[in-house]
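Hi,

Here is the structure I promised to pass on. Have a look at it first, and then read my notes below.

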Amino acid sequence: MRFAGRRALVTGAAGGIGQAVVAMLRAEGAQVAASDRDSRAVEADHHVDGDLTDPTFADALPGWAEVLLGGLDIVINNAGVITRGDITTASDADYALTMGVNVEAPFRICRAAIPIMARAGGGAIVNISSCWGVRPGPNHPLYVMSKAAIASLTQCLGRDHAHQGIRVNAVCPNEVNTPMLRSGFAARGFDPDKAVEDLNASVPIGHIAEPEEIADVILFLASDAARYMCGACVEVNGGKPVI
Ligand SMILES: NC(=O)c1ccc[n+]([C@@H]2O[C@H](COP(=O)([O-])OP(=O)(O)OC[C@H]3O[C@@H](n4cnc5c(N)ncnc54)[C@H](O)[C@@H]3O)[C@@H](O)[C@H]2O)c1
């Protein structure tokens, strides 16, 4: 029960990784406020749903979580969108959505959560970047840029707020078996099960990540076991480099 008495806000709570994080935090004693566009199907202590591209919603979210939970010790900035295709196919709307969800919302949430955590003597924030945020993959410039920005923000905040007992770190996964990945295959006309099977063969450890394999590292970074980690971007890739 590593998280007994801890209060956590998880965004993207209805997604593949988010659902695993919420369930695993709660199984280890945390009280969790789940946030997504609609997280009602996810078992959680509270639901704070809305659209993260709405600045008013993103600004208010940590404060609402603090009120509902009676405090705020952990924030997991997990919500994300992926926009595919090279830059010539990227619309203004693609740019605004990608930067809005993947960068601006975590910026707003961190900005609001840090003073709350500082008043309470500390806390932990875990951002979800990507291995593509550290080294770019092909044909996803908007997504790659947004994930590099959140990795960089993590390094800055990890350094700036360690003195307040606030640890900010990021997880950088390679491929994870979630709706984000599977919907990409479906959109390109592939059978997602077959495509995941083919992808498994490209990973040295033998399979792409299941959400729980990423959530385990997120929980580690949120836990006291990572008490000396500040501003780290942890790659979780089964041995598969970005090529
Ligand atoms: N799946 C992968 O291969 C992979 C790899 C590296 C990093 N990631 C990152 O992991 C995180 C979780 O992704 P996932 O794979 O579980 O994807 P997912 O699509 O299953 O979940 C993402 C969640 O974010 C929510 N969300 C998106 N836009 C929102 C908005 N405007 N307002 C509120 N909520 C919104 C969605 O509703 C969804 O539930 C993302 O940040 C993603 O970029 C995923």
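What follows is a short tour of the sheet, one residue in it, the domains and the ligand.

Keep in mind that this is a predicted model.

Let me start with the sheet. It is an open one of 7 strands, ordered β3-β2-β1-β4-β5-β6-β7, and the pairing is parallel. At the edges sit β3 (46-47) and β7 (233-236), each of which pairs on one side only. For a closer look at one pairing, try strand β4 (residues 74-77) and strand β5 (residues 123-128): they run parallel and are joined by 4 bridges. I76 has V126 in β5 as its bridge partner. Helix α2 (residues 55-69) lies across β1 (7-11), β2, β3 and β4, and its direction makes about 145° with β2.

Now zoom in on A33, which belongs to strand β2 (residues 31-35). Is A33 buried or exposed? A33 counts as buried, because it has 27 C-beta neighbours inside 10 Å, and the cut-off for that label is 20 or more. Apart from neighbours within four places in sequence, the contacts of A33 are L9, A44, D45, H46, V48, A65, L68 and L69. You can also check A33 against L72: they are 39 residues apart along the chain, and 9.6 Å separates their C-alpha atoms.

On to the domains. The protein splits into domain 1 (7-174 + 211-235) and domain 2 (175-208), with 23 Å between their C-alpha centres. How many residues does each domain bring to the contact? Domain 1 gives 9 residues and domain 2 gives 6. On the domain 1 side, α1 and α8 (211-222) are the elements that provide two or more residues. That side is made up of 5 nonpolar residues, 3 polar and 1 charged.

Last, the ligand. It is surrounded by 25 residues, and the closest are G12, G15, G80, T178 and M180. Both domain 1 and domain 2 contribute to the shell around the ligand, with at least three residues drawn from each. Among the helices, α1 (16-27) and α6 (179-187) each supply at least two residues of that shell. Sorted by class, the shell holds 12 nonpolar, 9 polar and 4 charged residues. If you want one element to follow through the model, I'd pick α1: it gives residues to the shell around the ligand, and α1 also gives two or more to the side of domain 1 that touches domain 2.

Cheers

Key. Residues numbered from 1 in each chain as written. Predicted model: local features only at pLDDT ≥ 70, side-chain atom pairs only at ≥ 80, totals over all residues. Buried ≥ 20, exposed ≤ 12 C-beta atoms within 10 Å, placed from the backbone. Contact = placed C-beta atoms within 7 Å. Near = placed C-beta within 6 Å. Nonpolar A, V, L, I, M, F, W, Y, C, P; charged D, E, K, R; others polar. Domains from an automatic or database assignment. Pairing = 2+ DSSP bridges. Axes fitted to C-alpha atoms, helices over the stretch in contact; angles between N-to-C directions.
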